[in-house]
Amino acid sequence: MLALTASSLVIGSAAAQRSLDDLKGRMNEIQADLNALQSEIEDLRTEEDKLLQELSSIEVRRRELTARKARLQERVIRAANVLYKTGQTDMLELLMTAESLSELTTRAEILSQISQRDNAAVIEFTRTQEELDRLSAELSAKKDRLADTRARLADKTDQLQAEF
């Protein structure tokens, strides 16, 4: 009977040790999962902060470009009005009505100067509008990415809370 009891204790002790080892293994797995989730959450928060800073920079640049566009638009409209009011809507006609080569040269130079200045304003206006369009698309993409990041962050946070 004593041998049977000692044998039962050894078997019970071995089973208890296996159970303890299983629990320790499970605890290590849970801790590893916890660490992985916390790392993912930290990465997502870092990404969120970065996106918020990028969005802020884009918004500042858009405001600057919008103001610049308004100034350029006024300049282009003024130039168009000057051409309209002075009757210079048809530059070719103006050049063709010159009565001498000297008058033609003078008119061509004046039109060239006006045209260069006006063209520069139109080109700058167009480039500003193109940059605004590009920034708007970039802003939209970043906002979508931020929404996705926030959704993943919420999912990971919920997952973390559900597991622990």
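How many helices and how many strands does the protein have? Load the predicted model and colour by secondary structure: the protein has three helices and zero strands. Read from the N terminus, the elements follow the order α-α-α.

**Stop 1: the whole chain**

Colour by pLDDT next. The mean for the protein is 83, and 81% of the residues reach 70 or more. Select residues 91–96, which form helix α2; confidence is lowest there, with a mean of 64. Helix α3 has the highest confidence, at 86.

Switch on a surface for the whole protein. About 12,000 Å² is exposed, and carbon and sulfur atoms supply 55% of that area. Of the 164 residues, 15% are buried. If you draw a contact map, take the contacts between residues at least 6 apart in sequence: 83% of them join residues at least 24 apart.

**Stop 2: the nonpolar cores**

Select L51, L55, I58, L65, L132, L135, L139 and L146. These eight residues make up the largest nonpolar core. Helices α1 and α3 each supply at least two residues of this core. A second core, separate from that one, has six residues, including L34, I41, L44 and L160. As background, nonpolar side chains in soluble globular proteins tend to be buried together.

Centre on L146, a member of the largest core. Which residues does L146 contact, leaving aside its neighbours within four places in sequence? The list is E48, L51, L52 and L55. Two of the names on it, L51 and L55, also belong to the largest core.

**Stop 3: K142**

Move to K142, in helix α3. Is the lysine K142 buried or exposed? K142 counts as buried because its relative accessible area is 15%, and the cut-off for buried is under 20%. Show its surroundings, leaving aside neighbours within four places in sequence: K142 is in contact with L51, E54, L55 and I58. Among these, L51, L55 and I58 are members of the largest nonpolar core.

**Stop 4: T128 and T66**

Select T128, also placed in helix α3. T128 has a relative accessibility of 1%, so it counts as buried. Not counting residues up to four places away in sequence, T128 touches L65, R68, K69 and L72. Of these, L65 is part of the largest core.

Now pick T66, which lies in helix α1. With a relative accessible area of 44%, T66 is partly exposed. Draw a distance from its C-alpha to that of Q129: the two residues are 63 apart in sequence, and the C-alpha atoms are 8.4 Å apart in space.

**Stop 5: salt bridges around R152**

How many salt bridges does the structure hold? There are 13. Start with R152 and show its side chain together with those of E47 and D148.

The R152 and E47 side chains form a salt bridge at 3.3 Å, N to O. This pair links distant parts of the chain: R152 sits in helix α3 (residues 101–163) and E47 in helix α1 (residues 2–85), with their positions 105 residues apart in sequence. R152 also pairs with D148 in a salt bridge, again listed at 3.3 Å, N to O. Here the partners are four residues apart in helix α3, so about one helical turn separates them.

Check the exposure of the two α3 residues. R152 counts as partly exposed because its relative accessibility is 34%. D148, at 42%, is partly exposed as well.

**Stop 6: a salt-bridge network**

Finish with R61, E64, E131, R134 and E138, which are linked in a network of salt bridges. Zoom in on R61 and E64 within that set. Their side chains meet in a salt bridge at 3.4 Å, N to O. Both residues lie in helix α1, three residues apart, or about one turn of the helix.

Where do R61 and E64 fall in terms of exposure? R61 is partly exposed, at 30% relative accessibility. E64 is partly exposed too, with a relative accessible area of 45%.

Conventions: Residues numbered from 1 in each chain as written. Predicted model: local features only at pLDDT ≥ 70, side-chain atom pairs only at ≥ 80, totals over all residues. Heavy atoms only, no water. Salt bridge = Lys/Arg side-chain N within 4 Å of Asp/Glu carboxyl O. Buried < 20%, exposed > 50% of the residue type's maximum accessible area, 1.4 Å probe, protein only. Contact = heavy atoms within 4.5 Å. Core = buried A, V, L, I, M, F, W, Y, C linked by side-chain atoms within 4.5 Å. pLDDT = per-residue confidence, 0-100. Areas by Shrake-Rupley, 256 points an atom, 1.4 Å probe, with all protein chains shown as cover.
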